[in-house]
Amino acid sequence: MQQDRATALKTIADRVAACRACRLYERARNPVPGAGDPDAEIVFIGEGPGEQEDIQGLPFVGRSGQYLDYLLNLIGLKRSQVFIANVVKHRPPNNRDPQPDEIAACEPFLNEQLAVIDPLMIVTLGRFSMARYFPNAKISSIHGKPRYEGRVAYYPLFHPAAALRNPALRYDMEDDVNRIPSILAEVRRLRSIAAGIPDAPPHEDDPPRQLSLF
Ligand code: URA
């Protein structure tokens, strides 16, 4: 499975590199399709590549990325254990906001990546990825509140750059990140129930169950 997913993600990355569906490729140095574990349980979705990401072709490798690494470390994760992507995969010039037509042009790539990885949890970083799952919501009121839908928990967080700019947000940001393991556990529980697996399997120390006489 790992190989199949890795191959599928590589094929998507190759198509991103050749993509001319919007203007962003014209001034970008490298495509930044996304990176991480093809079997990741968690996918983080940011906004778009910045300068360092554009130079290296990798997501979140600048200051925001260092803070994201710190946040992952709070819950015992490394970036190699998750998958990190963006809503647009070429750098918007001068780090301007991605425009709606650029987001729309890039959307099929992100959708395909998510379909391949089939994560338990999709963590949105900032307002552009949040808008995919929580249209019209305000990040200040919904950050840190998961929505369980289908097989996935959608979890909106502040963008790491916002927390770097405004240190008062870091307490919330770090609290929100610290809640990720319990949200993952809840998705696993919900998936087990949906698959017909009993919620709490009997423990070996439990007294033997009485056999029914009928
Ligand atoms: N900010 C983003 O949203 N994505 C990156 O990859 C880097 C910074």
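## The main pocket

The largest pocket here encloses about 580 Å³. Its lining runs to 26 residues, and the ones closest to the centre are E47, G48, S64, H159 and A161. Keep in mind as you look around that this is a predicted model.

Which helices help build the wall of the largest pocket? At least two lining residues come from each of α2 (51–56), α3 (63–74), α5 (127–133) and α7 (160–165). By class, the lining of this pocket splits into nine nonpolar, nine polar and eight charged residues.

## What sits in it

The ligand takes up the space of this largest pocket. Around the ligand you'll find G46, E47, G48, E53, P59, F60, N86 and H159. Sorted by class, that shell has two nonpolar, four polar and two charged residues. Three names are worth picking out: E47, G48 and H159 belong to the shell around the ligand, and they are also among the residues closest to the centre of the pocket.

## Polar contacts to the ligand

Start with the ligand's nitrogen side of things. A polar backbone atom of G48 is 3.0 Å from a ligand nitrogen. For N86 it's the side chain that does the work of making a contact: one of its N or O atoms lies 2.8 Å from a nitrogen atom of the ligand.

Which residue has a polar side-chain atom by a ligand oxygen? That's H159, at a distance of 2.8 Å. As for cover, the ligand taken alone would expose 240 Å², and the protein buries 93% of that.

## A separate closed space

Besides the pocket, how many cavities of 30 Å³ or more does the structure hold? Just one. The largest cavity contains about 100 Å³ of space.

Thirteen residues would be a lot to list, so here are the ones nearest the cavity's centre: of the 13 lining residues, they are C19, C22, H90, C106 and F109. Helix α4 (residues 100–117) gives the largest share of that lining, with four residues. By class, the cavity lining has 10 nonpolar residues, one polar and two charged, while the lining of the largest pocket has nine nonpolar, nine polar and eight charged.

Definitions and conventions. Residues numbered from 1 in each chain as written. Predicted model: local features only at pLDDT ≥ 70, side-chain atom pairs only at ≥ 80, totals over all residues. Heavy atoms only, no water. Near = heavy atom within 4 Å. Polar contact = N/O pair within 3.5 Å; in protein donor to acceptor, adjacent residues only side chain to side chain. Areas by Shrake-Rupley, 256 points an atom, 1.4 Å probe, with all protein chains shown as cover. 1 Å grid on protein atoms, 1.4 Å probe; cavity = no way out; pocket = protein on both sides within 12 Å on 5 of 7 lines; lining within 4 Å. Sits in = over half its atoms within 2 Å of the grid points. Nonpolar A, V, L, I, M, F, W, Y, C, P; charged D, E, K, R; others polar. Points joined across faces, edges and corners; volume = space filled by probe spheres on them.
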